[in-house]
Amino acid sequence: LANGSKYSQSEYEKSLLNFFEVCYLNNEFLKIENYFDLISNENFSAETKFKAILYNADAKAQLGKYSSAYKDYCYVLADGPDTLATLSMKKAYFISSEHYNEIKEEPGAVIKKAEKRLSNYPELVSEFWVRLAIDAFEIKDYKKSLDYFKNSEKDSSVNLQIISDLYKTEI
């Protein structure tokens, strides 16, 4: 990586992502964060740039920097390639669900942000609304749960609708 200019752009980008993968697998999260700061102004392809941002966000999350990780996931969701939008939505949703006190944004906000972006995958968005509704149900926030189930109805599969109906009956 230090000699990136001696290699082709594609080899350099592949090496960068491999480096981040190895660091992540070895729990070297600070190394990812530090190196990301060094390369953040490089002229990478969009795919590599946004994958690097995701690795950095994952490292931040592992280091307990949830708010910063969440912002990065939302950035990839909004501006990254379609191939990474679903993954970034899942990660942003998880962070906002698990660390609401630090994020200060409802997990439903992530799904709202993703609806237009993931319009080609409406069932996936419905599935997340159902997950969120079940989470709200589990903490006995029945009003929110019903709202989230309602959001899921538009494009839900038969199986998701059955699950929704079971929970709504219980409420």
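The following dialogue explains how several features of this predicted model are read.

User: What conventions apply to the model and its numbering?

Analyst: The model is predicted: local features need pLDDT of at least 70, side-chain atom pairs count only at pLDDT 80 or more, and totals for chains, interfaces and linings use all residues. Residues are numbered from 1 along each chain as its sequence is written, and side-chain values use heavy atoms, with hydrogens and water left out.

User: How many helices and strands does the protein have?

Analyst: Helices (H or I, at least four residues) and strands (E, at least two) are DSSP runs, numbered from the N terminus. Here there are 10 helices and 0 strands, and the pattern along the sequence is α-α-α-α-α-α-α-α-α-α. Along the principal axes, the C-alpha atoms fill a box of roughly 65 × 30 × 20 Å.

User: What share of the residues in the protein is buried?

Analyst: Buried means under 20% relative accessible area, exposed over 50%, and partly exposed in between, with a 1.4 Å probe and protein chains only. Of the 171 residues in the protein, 41% are buried.

User: Is Lys-60 buried or exposed?

Analyst: Lys-60 lies in helix 3 (residues 46–62). Its relative accessible area is 11%, and Lys-60 therefore counts as buried. Contact means heavy atoms within 4.5 Å. Leaving aside neighbours within four places in sequence, Lys-60 is in contact with Glu-33, Lys-65, Ser-68, Ala-69 and Asp-72.

User: What part of the contacts with a separation of 6 or more joins residues 24 or more positions apart?

Analyst: Such residues account for 55% of those contacts in the protein.

User: How is empty space located, and what volume does the largest cavity have?

Analyst: Rolling a probe the size of a water molecule over the atoms shows where empty space is left. On a 1 Å grid over the protein atoms alone, a cavity is a set of points where a 1.4 Å probe fits but cannot get out, and a pocket is an open set with protein on both sides within 12 Å along at least five of seven lines; lining residues have an atom within 4 Å of a point. Grid points are joined across faces, edges and corners, and a volume is the space filled by probe spheres set on the points. The structure holds 1 cavity of 30 Å³ or more. The largest cavity has a volume of about 40 Å³, and its lining includes Asp-82, Arg-117 and Tyr-121.

User: Which helices each supply at least two residues of the lining of the largest pocket?

Analyst: They are helix 5 (82–98), helix 8 (122–138) and helix 9 (142–152). The largest pocket has a volume of about 230 Å³. Among its 13 lining residues, Pro-107, Leu-132, Asp-135, Ala-136 and Ile-139 are the closest to its centre.
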